[in-house]
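Trainee: Could you take me closely through the enclosed spaces inside this protein, and through the strands that belong to the same part of the discussion?

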Amino acid sequence: MEVSEDPGPIDSHVLYDQDNHVSSAIWDGQERGVLRCHEHTSMLDQWKLTPIQIKLVEKAGFGYLRLLPPMSLDNALIAALVERWRRETNTFHLTVGEMTITLEDVALLLGLAIDGEPVIGPISAPSSVCEKLLGRVPDDLNGGMVKLTWLKEFFSECPEDAPPEEIERCTRAYLLYLVGSTIFSTTTGNKVPVMYLPLFENFEKAGKFAWGAGALAFLYRALGNASLKSQSTISGCLTLVQCWSYSHLNVGQPKFNQEPYINSFPYVLKWRGKSCTRTKCNVLSYRKALDSLNASDVHWLPYKDMDYTTIPEDIKSSLILRASRTMLLCFDKAERHLPDRCLRQFGMHQTIPKDIERWERKGRIVDHGIDLIGKMDLAVKQWSERWHTIAKGVDIVDEDRYMQWYQKITRKFIGRVTSSLESEYQRTVTAMREIASIADLVSTEGLDSYNTELLNGVKNIVHKCLTEQIDETPKEKMTKKGNRKRRQKDHLSVEYE
């Protein structure tokens, strides 16, 4: 039997954009399956950095991010988490209350600075920027973006005896590749905007930017976009999303073959894929796990047992900003950081948070030569006041009152609870969608004709099955099966009369 209870929100003043959220489509039976996840860490270890380059990368603020291990992304887990992400609050709406990826998570998991200058700068003509800072211009600069493969082809092997200018160019190309394949990955799949490149002109100045805050602004925007029912892809630092889930939730965690060394910094190294195994589930399984999440399943303070002596002093001294109610910036992206909605993640009691004002996110700004800082002056001002807007908890709180309030403003369910037959049908369709999605992403480039034919055969079979499955509901299938049996019975009766 289907659940007829209103999934919420009962009071829509917080989740005012519910009609556009993917959960509305899912409730109406329109499953979208896994998201296409765009992150490109697998080729990073093919860059050969000289000792001088490594020092420049560290000076620019990316000494820890370059250690990011290639992660096998669990697309189904990420898709299930996105179903509970709300762009109105920049939080996950879970059964236990709101949670989010905070500045603390970025600082400790990725080792990026969360204090400093906002990640924003002038937008100049891409060709002139490439000529000046890389010494060459790609043939294809459509949309002000450069291909990651082009950067790798021309700059991934810098001779140790190269002149200083060439070393700096190769290092800038690496930094552009690094951010384009991790924290600022785009849904184009293989390109990165040239607008980041001027921030790497001076490596010492580059190290003064709050790269962690910029990464979080970019990720918030990506999660918000992916939570819309019209979307099927997601970008941003998905390794951060996955490792945040591993750290905070008892859902989808890998099982280690041996006890990991937990005191490596940054803490994402704890989850490096080679030392663990994971049984992959589909979206429906993860959705069910998130729907039945209890407070006891949540690790509210996952870093408290970590060795704080491994944390760099500059990051350690800025961790108080984890609770700053501020605006995060990444060029034309400005996103709210609302820690008062997730106080339990900072060891405080959760109170009913302040109301949030509705705001329209600005569209992408691509005009060259514009004063972007001037256009984002209000957001820049809010970031400049970050040290004065630290959320504080209270000693005595009735958290039951918070949960009563939360139940009214949240979305309680994502999918309908159905009969076992309907549930099995949904699992089958979702699994086939995931197989189809993976098969469609596999490139035939480099395959011989035999293996190409095999791959195309798999695609044809799964798409045919999907068409047949979607065209008929389980009830229709049962009806046809019953009719078939009756016809067989009638046929036998005729034969023996």
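Mentor: The largest cavity has a volume of about 40 Å³, in a model that is predicted, and the count comes to two cavities of 30 Å³ or more. Lining the largest cavity are His21, Ser23, Glu83, Arg84, Arg86, His93, Arg411 and Ile414, and when these residues are sorted by class they give four charged, three polar and one nonpolar. Because Ala, Val, Leu, Ile, Met, Phe, Trp, Tyr, Cys and Pro are the residues that count as nonpolar, the nonpolar place in this lining belongs to Ile414.

Turning to the second largest cavity, its space is likewise about 40 Å³, and its wall is made up of Asp17, Asn20, His21, Arg86, Arg87, Glu88, Ser227 and Leu228. By class, this lining too holds four charged, three polar and one nonpolar residue. His21 and Arg86 appear in the lining of the largest cavity and again in that of the second largest.

The strands come next. An open sheet is formed by three strands in the order β2-β3-β4, with antiparallel pairing, and its edges are β2 (85-86) and β4 (97-99), each of which pairs on one side only. Arg86, a lining residue of both cavities, therefore falls within edge strand β2, as a strand is a DSSP run of residues. Strand β3, which covers residues 91-94, is joined to β4 by three bridges, the two running antiparallel, and Phe92 stands opposite Met99 in β4. His93, from the lining of the largest cavity, lies within the span of β3.

Definitions and conventions. Residues are numbered from 1 along each chain as its sequence is written. This is a predicted model: local features need pLDDT of at least 70, side-chain atom pairs count only at pLDDT 80 or more; totals for chains, interfaces and linings use all residues. Side-chain values use heavy atoms; hydrogens and water are left out. Two strands pair if DSSP finds at least two bridges between them. Helices (H or I, at least four residues) and strands (E, at least two) are DSSP runs, numbered from the N terminus. On a 1 Å grid over the protein atoms alone, a cavity is a set of points where a 1.4 Å probe fits but cannot get out, and a pocket is an open set with protein on both sides within 12 Å along at least five of seven lines; lining residues have an atom within 4 Å of a point. Grid points are joined across faces, edges and corners, and a volume is the space filled by probe spheres set on the points.
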